[in-house]
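Me: I'm new to reading protein structures and would like a close look at one part of this one. Could you go through it with me step by step?

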Amino acid sequence: MNDVIIIGGSFAGLAAALQLGRARRHVIVLDTGRPRNRFADRSHGLLGHDHKPPLYILDEARQQLARYPTVRLVTARADSVSGTIDDFRVVTDDNECLMARRLILSYGVVDQMPDVSGFAESWGSSIVPCPYCDGFEVADRHWGLVWSGPQSMNQVRLFHDWTDRLTVFADGHDIAPDIRADMAHRHVSVADGRIVGIARHGGHKSTVKLDTAPDVAVDILFAHPRTKPSASLHESLGLDTLKTPTGIALKVDERRETSMPGIYAAGDLANPAMASVTTAICQGATAGISAQQSMLV
């Protein structure tokens, strides 16, 4: 019987494994090797690893975990989960059955790309979601923002810490007159019409093609497509979720425990506020420590 099975071995999952390994708990980490930020050239804002490729950081983390004999990293997908606290059962895609007292779910989310020519190919390079991750490198340049709803106004206000040149692409949304007036007061341009294509020009630069207006060139484009969990294990377990502007997130308490005792969640799967490597690591460490302390006798 393992102490903990961690499903998802990106930043949150490996951070949890590190804490548990240092506590000499027996841990298995299941991972498919497809982290959400694999499309990004660099990861920013992570203390000690700023401006490094995210896959490089993950590889270094796996090497560091090798010194903990109770941690086992397995390249596999969890196909099913069942059981209750102190008696969880996980079956992998190669039909291996694993048992554990606790579970940590950190399998993340998948960004759902819109059906726009060039969008998916530009994701992570010229189209990005987070100014904290990529804003510094393109500060004081012409930014674009794809409007996704009233919550986008928060981004408009936020972006002014990096640039005074911003174009909002309505992309078919009906933006209320008072919001348009607020943006005009902030000297923010609004481009109406639907986005029909993205032409990338290298680096962060791209041209946004519109159906009823001239093309607009920007130095970087921010967008927040809808997301969905990268697996459905939480559904089979009946875990409580929260609705967010872009999808759903698992509901957790301050210890990162879900609605089912003994199951914890961390990373983008359970983070409705802001996705970043830093917060994923913090939440993963919290989940690992909480799982370990819940097993004390």
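Which strands does helix 5 lie across, and at about what angle does helix 5 run to strand 9?

Reply: Happy to help! Keep in mind that this is a predicted model. Helix 5, made of residues 152–159, lies across strand 9 (142–146), strand 10 (165–169) and strand 15. Its direction is at about 170° to that of strand 9.

Now let's look at the sheet behind those names. Strands 9, 10 and 15 belong to an open sheet of five strands, ordered 8-15-9-10-11 and paired in parallel. At its edges are strand 8 (127–128) and strand 11 (189–191), each of which pairs on one side only. In general, strands of a sheet pair through backbone hydrogen bonds, either parallel or antiparallel. Here, two bridges link strand 8 with strand 15 (residues 220–222) in the parallel sense, and V128 stands opposite F222 in strand 15.

For contrast, there is also an open sheet of three strands, in the order 12-13-14, where the pairing is antiparallel. Its edge strands are strand 12 (195–200) and strand 14 (216–218), and the twist averages 25° from one strand to the next. Strand 13 (residues 206–210) is joined to strand 14 by three bridges, with S206 opposite V218.

One last stop is the second largest pocket, with a volume of about 370 Å³. It is lined by 19 residues, and P114, V146, D171, H224 and P225 are the closest to its centre. The lining divides into 10 nonpolar, six polar and three charged residues.

Technical notes: Residues numbered from 1 in each chain as written. Predicted model: local features only at pLDDT ≥ 70, side-chain atom pairs only at ≥ 80, totals over all residues. Heavy atoms only, no water. 1 Å grid on protein atoms, 1.4 Å probe; cavity = no way out; pocket = protein on both sides within 12 Å on 5 of 7 lines; lining within 4 Å. Points joined across faces, edges and corners; volume = space filled by probe spheres on them. Nonpolar A, V, L, I, M, F, W, Y, C, P; charged D, E, K, R; others polar. Pairing = 2+ DSSP bridges. Helix = DSSP H or I, 4+ residues; strand = E, 2+ residues; numbered from the N terminus. Axes fitted to C-alpha atoms, helices over the stretch in contact; angles between N-to-C directions. Contact = heavy atoms within 4.5 Å.
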